[in-house]
Amino acid sequence: MNGTPAAPATEASGTLAFVESPVQLLNVLEWAHAKAGPQAQTQPNDLTVVVLSPTDPMTRGQLRRMAELARHEGMRVRWEEARGGAGAPFQTIGGLASALRRARRVVIGDPFSRYVQLLLTITRARDLVVVDDGTATMEFVAQLTGGERLERWHRRGGRRGPRDLVFGPVSAIARRRLTPSGSRAVEVFTSMPVEQAPGLTVTANDFGWTRARFGPPRISRGADLVGTSLVETGVVDPDRYVEAVTALARAHGATRYFAHRRESAHKLHRLAVETGLEIVRPDLPLELIARRGPIGRLILSFPSTVVHTLPLALAGTGVRVAVCDVNPLWLRDTASPRAQGFLSGVTTTARDVQHLPALGQMSS
């Protein structure tokens, strides 16, 4: 992947998929698998995946691994150093403009991304597909249905900065593009519980590709704990988070902590020292790691995408997934007023999981 030249625009296929994270690319693979078949209009070799590469090393590493899997499935992958300097966004968008105008279908993973919103102002595609970028899909559909401006859940209720105001018209155009109309079909391919919106096609993601390609896993007797980036996004107090992880691990005998790709090295070092947990930095999305195994018989998580996806990816294996609510007292003063309600919704709507109460001792 290092130094891979971008494919020329003339190689653009009928379907262009834009991804910025490993989970988005995983769900593009799931979408293509679900749509494939003898009579299907979408085949892997008809799809070009454009990776708008981030700068974070862990995310880049996982994306490279996912890109290898996509190529193995017969997809073309175009790697763009989309954030490689001040002029990179203009070069990237300019290089993609022709392919975007010709594409009959565009697949995106993050409708809140400013990069993606800029690209949506260029496309003439009559079919748009939104695949999961985690629990944010729930908020996207709710905002689309309610006629609200697109805004990430952990930023809602905060003050809008100058960049938000300048970018407002682009975001408004992108929102119109993502609204179904007589001339444009919009599909949401998701494993999340979402509202039904007029004209919007919602297709369930059951992780059929993951289950077909990986596992079944070897299951250990212990428990594993899944990390979150709630501290890094400014939602949860770091001290409270470490206390909660410690209490949860002790209560259930967890020995490993699967780090979220956005968790800081400082926080992970602190967790290792104070909890004694083995910190694991996965090289693939957790759904694939768990399906490949070995994995604990019990997987513990705070409100997160995985409480919706892991029961699907691990269906039939006997692995249990448990979710622990976030105590409101863990929230930082700077957290969005929407944060507690959103996190509670993530927990209460999770199916096929064990629901654990918030850790009361953390309120002292």
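Which residues of helix 2 are buried? Met58, Thr59, Arg60, Gln62, Leu63, Met66, Ala67 and Ala70 are the ones. Keep in mind that this is a predicted model, so every value here is computed from predicted coordinates.

Let's stay with that helix for a moment. Helix 2 covers residues 57–72, which makes 16 residues. From its first C-alpha to its last, helix 2 reaches 23 Å, close to the 22 Å expected at 1.5 Å a residue. Look along the list of buried residues and you can pick out Leu63, Met66, Ala67 and Ala70 among them. An α-helix has 3.6 residues a turn, so residues three or four places apart point the same way. As for what lies over the buried residues of helix 2, the cover includes helix 1, strand 2, strand 3 (76–80) and helix 10 (286–292). Just after helix 2 ends, Gly74 takes a positive phi of about 95 degrees.

Helix 1 is a good next stop, and Leu29 is a handy residue to follow there. Is Leu29 buried or exposed? Leu29 counts as buried because its relative accessibility is 2%, and the cut-off for buried is under 20%. Leaving aside residues up to four places away in sequence, Leu29 touches Met66, Leu69, Ala70, Glu73, Met75 and Trp209. Two of those names, Met66 and Ala70, also appear among the buried residues of helix 2. Leu29 also has company from far along the chain: its C-alpha is separated by 8.8 Å from that of Thr210, 181 residues apart in sequence.

Now zoom out. The protein has 12 helices and 13 strands, and 53% of its 364 residues count as buried. Take the contacts with a separation of 6 or more: residues 24 or more positions apart account for 73% of them.

Charged pairs come next. How many salt bridges does a search of the whole structure find? There are 15. One of them joins the side chains of Asp46 and Arg104, with an N to O distance of 2.6 Å. That pair links distant parts of the chain, 58 residues apart: Asp46 sits in the loop between helix 1 (22–35) and strand 2 (47–52), and Arg104 in the loop between helix 3 (88–102) and strand 4 (105–108). Asp46 is buried, with a relative accessible area of 18%, whereas Arg104 is partly exposed at 39%.

Another salt bridge brings together the side chains of Glu232 and Lys267, at 3.1 Å from N to O. Glu232 is in the loop between strand 8 (219–226) and helix 8 (238–252), while Lys267 belongs to helix 9 (residues 265–275), so this pair ties together parts that are 35 residues apart in sequence. Here Glu232 is partly exposed, with a relative accessible area of 30%, and Lys267 counts as buried at 5% relative accessibility. Some salt bridges share partners, too, and in this way Arg65, Glu68, Asp283 and Arg292 are joined into one network.

For a third pair, turn to Arg211 and Asp206, whose side chains meet in a salt bridge at 3.5 Å, N to O. Both partners are partly exposed: Arg211 has a relative accessibility of 29% and Asp206 has 43%.

Last, the empty space inside. A search of the whole structure turns up 2 cavities of 30 Å³ or more. The largest cavity holds about 40 Å³ of space. Its lining is made of Val23, Asn27, Asp132, Gly134, Ser191, Met192, Asn205, Phe207, Glu287, Thr305 and Thr309. Sorted by class, that lining has 3 nonpolar, 6 polar and 2 charged residues.

The second largest cavity comes to about 30 Å³. Around the second largest cavity you'll find Gly109, Asp110, Pro111, Phe112, Val131, Asp133, Ala136, Thr137 and Phe140. Which helix gives the most to the lining of the second largest cavity? Helix 5 (residues 136–146) does, with 3 residues. By class, the lining of the second largest cavity has 5 nonpolar, 2 polar and 2 charged residues.

How values were computed. Residues are numbered from 1 along each chain as its sequence is written. This is a predicted model: local features need pLDDT of at least 70, side-chain atom pairs count only at pLDDT 80 or more; totals for chains, interfaces and linings use all residues. Side-chain values use heavy atoms; hydrogens and water are left out. A salt bridge is a side-chain nitrogen of Lys or Arg within 4 Å of a carboxyl oxygen of Asp or Glu. Helices (H or I, at least four residues) and strands (E, at least two) are DSSP runs, numbered from the N terminus. Buried means under 20% relative accessible area, exposed over 50%, partly exposed in between (1.4 Å probe, protein chains only). On a 1 Å grid over the protein atoms alone, a cavity is a set of points where a 1.4 Å probe fits but cannot get out, and a pocket is an open set with protein on both sides within 12 Å along at least five of seven lines; lining residues have an atom within 4 Å of a point. Grid points are joined across faces, edges and corners, and a volume is the space filled by probe spheres set on the points. Ala, Val, Leu, Ile, Met, Phe, Trp, Tyr, Cys and Pro count as nonpolar, Asp, Glu, Lys and Arg as charged, and the others, Gly among them, as polar. The expected span of a helix is 1.5 Å times one less than its number of residues. Contact means heavy atoms within 4.5 Å.
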